[in-house]
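Below are some notes on the model you sent, set out as numbered points. Please read them with the structure open.

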Amino acid sequence: MDYVDRLTALREDHDVGQKEIAALLGCKQAAVSKYELRLTRYAVDDIIKLCEFYQVSADYILGLPKGLPYPDR
């Protein structure tokens, strides 16, 4: 499962349509369809908006392991 699969699953699990996601991202429904069909890639800003909308971490969406350390900056 990759990040596109996770974002699609989150959308479906929350009973949200592509039109609603398009409104959130400020694009057309056709753009969301292209993301889900892997014809285009999500922008980082869009992934951030979707993390906030679904209340999940980017680590989850990106499929990164739990507990990765943050830098000491």
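By class, how many residues in the lining of the largest cavity are nonpolar, polar and charged? The lining has 6 nonpolar and 2 charged residues, and no polar ones. The points below begin with the overall fold and then return to this cavity.

1. Overall fold. This is a predicted model. The chain has 5 helices and 0 strands, which gives the pattern α-α-α-α-α when read along the sequence. The C-alpha trace spans about 40 × 25 × 20 Å along its principal axes. Of the 73 residues in the chain, 30% are buried. Among contacts with a separation of 6 or more, 59% are between residues 24 or more positions apart.

2. The cavity. There is 1 cavity of 30 Å³ or more in the structure. The volume of the largest cavity is about 40 Å³. Its lining is made up of Leu-7, Arg-11, Ile-21, Val-32, Glu-36, Tyr-42, Leu-50 and Tyr-54. Three helices each supply at least two residues of that lining: helix 1 (3–13), helix 3 (29–36) and helix 4 (44–54). The charged residues of the lining are Arg-11 and Glu-36.

3. The nonpolar core. The largest nonpolar core has 16 residues, and those touching the most other members are Tyr-3, Leu-7, Ile-21, Tyr-42, Ile-47, Leu-50 and Ile-61. Helix 1, helix 2 (18–25), helix 3 and helix 4 are the elements that give two or more residues to this core. As background, nonpolar side chains in soluble globular proteins tend to be buried together.

4. Leu-50 in detail. Which residues does Leu-50 touch, not counting residues up to four places away in sequence? They are Leu-7, Ile-21, Leu-24, Leu-25 and Tyr-42. Leu-50 is also one of the residues lining the largest cavity, as are Leu-7, Ile-21 and Tyr-42. Leu-50, Leu-7, Ile-21 and Tyr-42 are likewise among the core residues that touch the most other members.

5. Aromatic pairs. The whole structure contains 3 aromatic pairs. One of them joins Phe-53 and Tyr-54 in an edge-to-face arrangement, with 5.0 Å centre to centre and 75° between the planes. Is each of these two rings on a buried or an exposed residue? Tyr-54 counts as buried because its relative accessibility is 6%, under the 20% cut-off. Phe-53 counts as partly exposed because its value of 40% falls between 20% and 50%. Elsewhere, ring pairs link Tyr-3, Tyr-35 and Tyr-42 into a cluster.

6. Backbone points to check. Most residues other than glycine have a negative phi. Arg-38 is not a glycine, yet has a positive phi of about 65°. Arg-38 sits in the loop between helix 3 and helix 4 and is partly exposed, at 43% relative accessible area. Gln-55 is not a glycine either and has a positive phi of about 60°. Gln-55 lies in the loop between helix 4 and helix 5 (58–62). With a relative accessible area of 69%, Gln-55 is exposed, because the value is over 50%.

7. Other loop residues. Ala-43 is in the loop between helix 3 and helix 4 and counts as partly exposed at 38% relative accessibility. Ala-43 and Leu-25 are separated by 18 residues in sequence and by 10.0 Å in space, C-alpha to C-alpha. Ser-57 is placed in the loop between helix 4 and helix 5, and at 40% relative accessibility it counts as partly exposed. From Ser-57 to Val-32 the C-alpha distance is 20 Å, with the two residues 25 apart in sequence.

8. A residue of helix 1. Ala-9 belongs to helix 1. Why is Ala-9 classed as partly exposed? The relative accessible area of Ala-9 is 23%, and partly exposed residues lie between the 20% and 50% cut-offs, so Ala-9 falls in that class. Ala-9 and Lys-49 are 40 residues apart in sequence, and their C-alpha atoms are 16 Å apart.

Notes:
Residues numbered from 1 in each chain as written. Predicted model: local features only at pLDDT ≥ 70, side-chain atom pairs only at ≥ 80, totals over all residues. Heavy atoms only, no water. 1 Å grid on protein atoms, 1.4 Å probe; cavity = no way out; pocket = protein on both sides within 12 Å on 5 of 7 lines; lining within 4 Å. Points joined across faces, edges and corners; volume = space filled by probe spheres on them. Helix = DSSP H or I, 4+ residues; strand = E, 2+ residues; numbered from the N terminus. Buried < 20%, exposed > 50% of the residue type's maximum accessible area, 1.4 Å probe, protein only. Core = buried A, V, L, I, M, F, W, Y, C linked by side-chain atoms within 4.5 Å. Contact = heavy atoms within 4.5 Å. Phe/Tyr/Trp six-rings, centres within 6.5 Å; stacked < 30°, edge-to-face > 60°.
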